[in-house]
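Good morning, and thank you for coming. I shall speak first about a metal site and then about the contact between two chains. Please look at the structure as it appears.

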Amino acid sequence: MKQINRVRQNRSSKDFACSRIDFSQPIHFSFNGKEYTGVLGDTIASALLANGIDVVGRSFKYGRPRGIVTAGSDEPNAILQLGNCEATQVPNVRATQQLIFEGLECHSTSGWPSTRFHLMGIFGALFARFLPPGFYYKTFMAPAKWWKYYEKWIRKGAGLGRSPNRADEDIYEVINQHADVLIVGAGAAGLSAALGASRMGARVILADEQNEFGGSLLSSNIKINDRCTRDWIDAVVAELINYESQGQLLLLKHATVNGYHDHNFLTIHERCTDHLKDKAAQNEVRQRYHRVRAKQVILATGALERPLVFANNDLPGCMLASAISTYINRYQVIPGNTLVVMTANDSGYIAAIDWHNAGRRVAAVVDTRKSHASELSKQVKALGITIIYQSAVIEARRKRLNSRVCSAVIMSMDSTGDAVKGVKKLFCVTL
Amino acid sequence: MFLIHCPICNEPRSEDEFHCAGEGHIQRPLDPMATSDKEWGDYLFFRSNPRGTYRELWQHTIGCRKYFYIKRNTETYQIYKTYKLDDKSERVALDKEHSNKNKFGDLL
Ligand SMILES: [Zn+2]
């Protein structure tokens, strides 16, 4: 399958100087038994989006089709089963965090018999009005003597992931660490903090859950000192690596700080080889658990975007605005053709500008606020993008059962934001 | 996990080297045979379990194996100090708190 959603290389490549992927190195992987091609630096999510894959999973109960929503660890839908053989099965890996490597095999964790054709999805659609919210599969337990027959089908139709039934052959390790300063998150703030602390001679640990240092800078095409963010990140990381070679600093990528306990005791889960291969080499550690006692802790974790609420906002094609910017700027992937942005602040405008600059159409920016003239909204207007003020998307619609968003229903709001009036329909593919 | 300064080793060590032995400064009745059942029951089983400042007996089980006291806050987990068994200053402070409590009831 071709990477239909990839920004073509020849097209204004200078705009993507900050991109972190390498087109010269194609990587082949399989998703639900089908072969796809991505490039070096892609996560599973960005590669699937590049290949135009909409549905990556099914909702837990009703089997509604679900697409990729975010570009980070907050991903609720793209949760996959990884592993090329029984011993290396890893359930519930977020496609937005896992880098692809040659020969990677992954499957949707939910959605038997297949993600596109789903038993519960059809069931849920047919019998939706008989299934109260909060309905549970145990409803099927009566009559009890039948349960043993349909349990295996229902269990198969539900659930997330499965554990391997063979022993894991990889090596895992636990290390006790001590530091003057532990910095959680390596975005602009975290990198600056690490630099400052290292220059003062402190013993520093810098941990970041992403596959590269840079945090939100990786998703942005803003300029730092008239140069792209990548240059700034590379310069800072180069200096930090110098400190690391002196044994004063520990840089941890692919490392999630997963606990902040009493008296500055923190635990870090580092994935050493998961992004490179299915199984670690002989005597190589696959994952490492760091138990850190720090004198000081700096939380530079950044912020997560909260999804907006409207009917059918779980349809494939509804994404976070920040995720759209990330896929465009970092992975050169535009997840769709036509975009409608709904926003309550200026950050939604950035997604619209990125989308437009990537060469695809922005149908409109729907802003819940009253008309205003911020710098970003002026930029958006200058690009010829419609802004609909004091309005909200109230519903996303689809054409067929398994298809992605095809239109958005927009209504204008009264001054308090309590009531809506008037209906307008906009065609879009991504929301 | 706590970071506990052992007053005997004179070093901060991780909590998993220690073992908590319950409330500190509990005095065994000098003549057990002369105490009433209530007094003996209080001594054996009843602990103050406050929300706030608490003095506990701890043992550095996989270190020096010595017992010592910790004065800490059960709400914030802050450790105010650790001190040796022969340190009488906290005993005095504790007696003062008790007598104030008797005087003013639960106001304090
Ligand atoms: Zn000791």
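**The zinc site and the interface**

In this predicted model, the zinc ion has four protein donors, namely B:Cys6 through SG, B:Cys9 through SG, B:His60 through ND1 and B:Cys64 through SG, at 2.0 to 2.4 Å from the ion. What is the geometry of the site? The angles among the four donor atoms run from 105 to 113 degrees, and the site is tetrahedral. For comparison, the ideal angle for four tetrahedral donors is 109.5 degrees.

Along the chain, the zinc donors follow the spacing C-x2-C-x50-H-x3-C. One pair among them links distant parts of chain B: B:Cys6 belongs to strand β1 (residues 3-6), while B:His60 sits in the loop between β4 (53-59) and β5 (67-73), 54 residues apart.

Are these two residues buried or exposed? The cut-off for buried is under 20% relative accessible area. B:Cys6 has 0% relative accessibility and therefore counts as buried. B:His60, at 1%, is buried because that value is under the cut-off.

Let us turn to the interface. Six residues of chain A and nine residues of chain B take part in the contact. The two chains bury about 610 Å² between them, with 46% of this area on carbon and sulfur atoms. On the side of chain A, the residues that lose the most area to chain B are A:Asp262, A:His263 and A:Arg293, which together account for 78% of what that side buries.

How many salt bridges are there between chain A and chain B? The count is one, and in it the side chains of B:Asp16 and A:Arg291 meet at 3.1 Å, N to O. In addition, five residue pairs are in polar contact across the interface.

Definitions and conventions. Residues are numbered from 1 along each chain as its sequence is written. Chains are lettered from A and ligands numbered from 1 in the order in which they are written. This is a predicted model: local features need pLDDT of at least 70, side-chain atom pairs count only at pLDDT 80 or more; totals for chains, interfaces and linings use all residues. Side-chain values use heavy atoms; hydrogens and water are left out. Donors are N, O and S atoms within 2.8 Å of the metal (3.2 Å for Na, K and Ca); water is not among the atoms, so sites may look incomplete. Four donors count as tetrahedral if all angles lie between 85 and 135 degrees; four count as square planar and six as octahedral if opposite donors are over 155 degrees apart and all others between 65 and 115; anything else is irregular. Helices (H or I, at least four residues) and strands (E, at least two) are DSSP runs, numbered from the N terminus. Buried means under 20% relative accessible area, exposed over 50%, partly exposed in between (1.4 Å probe, protein chains only). Contact means heavy atoms within 4.5 Å. Buried area is the accessible area (1.4 Å probe) that two parts lose on being put together, summed over both. A salt bridge is a side-chain nitrogen of Lys or Arg within 4 Å of a carboxyl oxygen of Asp or Glu. A polar contact is a pair of N or O atoms within 3.5 Å; within protein, one must be able to donate a hydrogen and the other to accept it, and residues adjacent in sequence count only if both atoms are side-chain atoms.
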